[in-house]
Amino acid sequence: MSYKTKVEYSFEEAKKAFWATYLYKNKAGITAAIVALIVFAAFIVNGVWTGNYENVFVFSIVLVLYPIIIYILATKRIRKNYESYKMLHGTTFSYTFFEDAMVSDGPKGTSKITYKDLYKITETKTNFYIFVSSIQAFSIIKSECSEELISFIQKLKTEVNGRIRTAETGVNDTDYEQLYRSVESNTDILYNAKVEWELDELKDFNWLLIKNIHKPIIFVLVIVEIMFLAGFVISFPAHSLRLAIESILLAIVVPVLFYSLFNYRCRKNFYSNKLLRNFVAIITFDSEKLEQISNVGSIKASYDEIYRIFETNKNFYILISDNLAINVRKANCSDGLITFLQDLEQKVA
């Protein structure tokens with residue numbers, strides 16, 4: 001028994017997927033936004049009740065600007081993510097659903113995901129989103145599905161979402177030596193290396209993204225901090241001890257909450273992704289492209305389709321979009337490969 005469908009990667013689909021995965025069906029994201037709005041509104045109500053109109057002024061500005069800034073940043077993020085994912089522009093993927101696994105096949109690679117490794121499945125009016133982690137999902141367009149496939153995915157959704165999620169790590173079905181033997185006869189390969197991920201590397205990668213690519217996040221934090229500090233400054237001519245205390249407390253609490261949320265999201269993304277925790281892969285480089293072959297499939301990218309490369313003391317992160325990367329540890333690289341990647345980093349930049 002099998003069902004087939006196809007999906008063409010387009011900006012419209014990328015936009016729908018972003019809102020579905022990051023906001024529409026993201027309980028944590030929605031909760032954080034609602035809590036922030038409630039806090040701002042509470043300070044405004046308190047200011048009106050107590051006659052503390054400095055509070056009303058400062059937090060009214062924050063309340064108005066907050067959703068506007070979030071929407072603008074989200075829109076820019078969608079466009080930037082789509083444009084950075086050059087290897088998928090105009091690409092059509094075919095999906096085959098079997099009894100125990102789904103297979104994705106496209107011109108840039110293939111993958112096989114068993115249903116036991118899925119994190120959750122969500123459904124909108126137009127799409128299914130099949131998550132392999134808390135933030136990564138395959139998009140399935142309902143209009144491209146048969147009635148039988150729609151029924152199958154809805155049944156699968158009930159089964160997957162009804163499971164108890166654990167952080168246990170399974171056993172890899174494919175080891176590095178098996179993968180290496182599958183490519184060692186290819187004489188076009190210049191270099192190869194083992195690919196692995198650990199939680200600390202995922203955190204390191206996400207900090208790199210925030211500092212180098214997703215700078216608007218830092219911009220918003222700075223603006224919010226300036227507003228709170230402005231409230232502190234206003235408290236002196238207004239002779240308002242309450243405004244001074246509230247402003248300083250919020251100026252401290254906001255970055256602490258951001259850091260805590262960052263760590264929480266990294267841990268959740270890592271431990272929710274069974275594929276990542278059980279990941280075994282080898283990356284190869286020839287004169288024109290790189291290819292990652294793993295225990296779940298393969299992916300190819302020509303060097304002009306690479307978005308960025310970041311080098312740290314211990315790793316190279318090869319980005320194929322502005323939020324997806326292949327992690328190559330320097331400890332797994334030959335001296336020749338390290339030089340090759342450093343040269344490639346300069347060409348990509």
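**Exercise 1. Get a feel for the whole chain.**

Buried residues make up 45% of the 349 residues in the protein chain. Here, buried stands for under 20% relative accessible area, exposed for over 50%, and partly exposed for anything in between (1.4 Å probe, protein chains only). Before going on, note that this is a predicted model: local features need pLDDT of at least 70, side-chain atom pairs count only at pLDDT 80 or more, and totals for chains, interfaces and linings use all residues. Residues are numbered from 1 along each chain as its sequence is written, and side-chain values use heavy atoms, with hydrogens and water left out.

Task: describe the overall build of the protein chain.

Solution.
- Step 1: count the elements. The protein chain has 10 helices and 14 strands; these are DSSP runs numbered from the N terminus, with helices (H or I) of at least four residues and strands (E) of at least two.
- Step 2: look at the extent. Along the principal axes, the C-alpha atoms fill a box of roughly 80 × 55 × 35 Å.
- Step 3: look at the outside. About 18400 Å² is exposed, and carbon and sulfur atoms supply 59% of it. Such areas come from the Shrake-Rupley method with a 1.4 Å probe, where for residues only the protein chains shown count as cover.
- Step 4: check how the chain meets itself. Take the contacts (heavy atoms within 4.5 Å) between residues at least 6 apart in sequence: 64% of them join residues at least 24 apart.

**Exercise 2. Go inside.**

Task: find which residues have the most contacts inside the largest nonpolar core.

Solution.
- Step 1: know the rule. A nonpolar core is a set of buried Ala, Val, Leu, Ile, Met, Phe, Trp, Tyr and Cys residues joined through side-chain atoms within 4.5 Å.
- Step 2: apply it. The largest core has 71 residues, and Phe97, Ile318 and Leu341 have the most contacts inside it.
- Step 3: zoom in on Ile318. Leaving aside neighbours within four places in sequence, its contacts include Ile283, Phe285, Leu290, Arg308, Val328 and Leu341.
- Step 4: look elsewhere too. Apart from the largest core lies another one of 8 residues, including Val56, Val224, Phe228 and Leu250.

**Exercise 3. Now the surface.**

Task: work out which helix gives the most to the nonpolar patch.

Solution.
- Step 1: know the rule. Patches take residues with over 30% relative accessible area and no salt bridge; like charges are joined within 9 Å, and nonpolar side chains (Val, Leu, Ile, Met, Phe, Trp, Tyr) within 5 Å.
- Step 2: list the members. Phe57, Ile61, Val64, Leu65, Ile68, Tyr71, Ile72 and Ile234 make up the patch, with about 710 Å² of accessible area together.
- Step 3: find the helix. Helix H3 (residues 53-84) gives the most, with 7 residues.
- Step 4: check one member. Ile72 lies in helix H3, and it counts as partly exposed because its relative accessibility is 44%.

**Exercise 4. Pair up the charges.**

Task: say how many salt bridges there are, and look at some of them.

Solution.
- Step 1: a salt bridge needs a side-chain nitrogen of Lys or Arg within 4 Å of a carboxyl oxygen of Asp or Glu. By this rule, there are 11 salt bridges.
- Step 2: try Lys116 and Asp117, whose side chains meet at 3.6 Å, N to O. Lys116 is exposed at 54% relative accessibility, whereas Asp117 is buried at 12%.
- Step 3: try Lys289 and Asp286, whose closest N and O atoms are 2.7 Å apart. Lys289 is partly exposed at 29%, while Asp286 is buried at 13%.
- Step 4: look for a network. Salt bridges that share partners link Lys194, Glu196, Glu201 and Arg329 into one. Within it, Lys194 and Glu196 have their closest N and O atoms 3.5 Å apart.

**Exercise 5. Two single residues.**

Is Gly297 buried or exposed? And where is Thr126?

Solution.
- Step 1: Gly297 lies in strand S11 (residues 297-302). It is buried because its relative accessible area is 18%.
- Step 2: beyond residues up to four places away in sequence, Gly297 touches Thr110, Ser111 and Gln292.
- Step 3: Thr126 sits in the loop between strand S5 (120-123) and strand S6 (127-131). At 37% relative accessibility, Thr126 is partly exposed.
- Step 4: not counting residues up to four places away in sequence, Thr126 touches Lys16, Ile140, Ile141 and Lys142.
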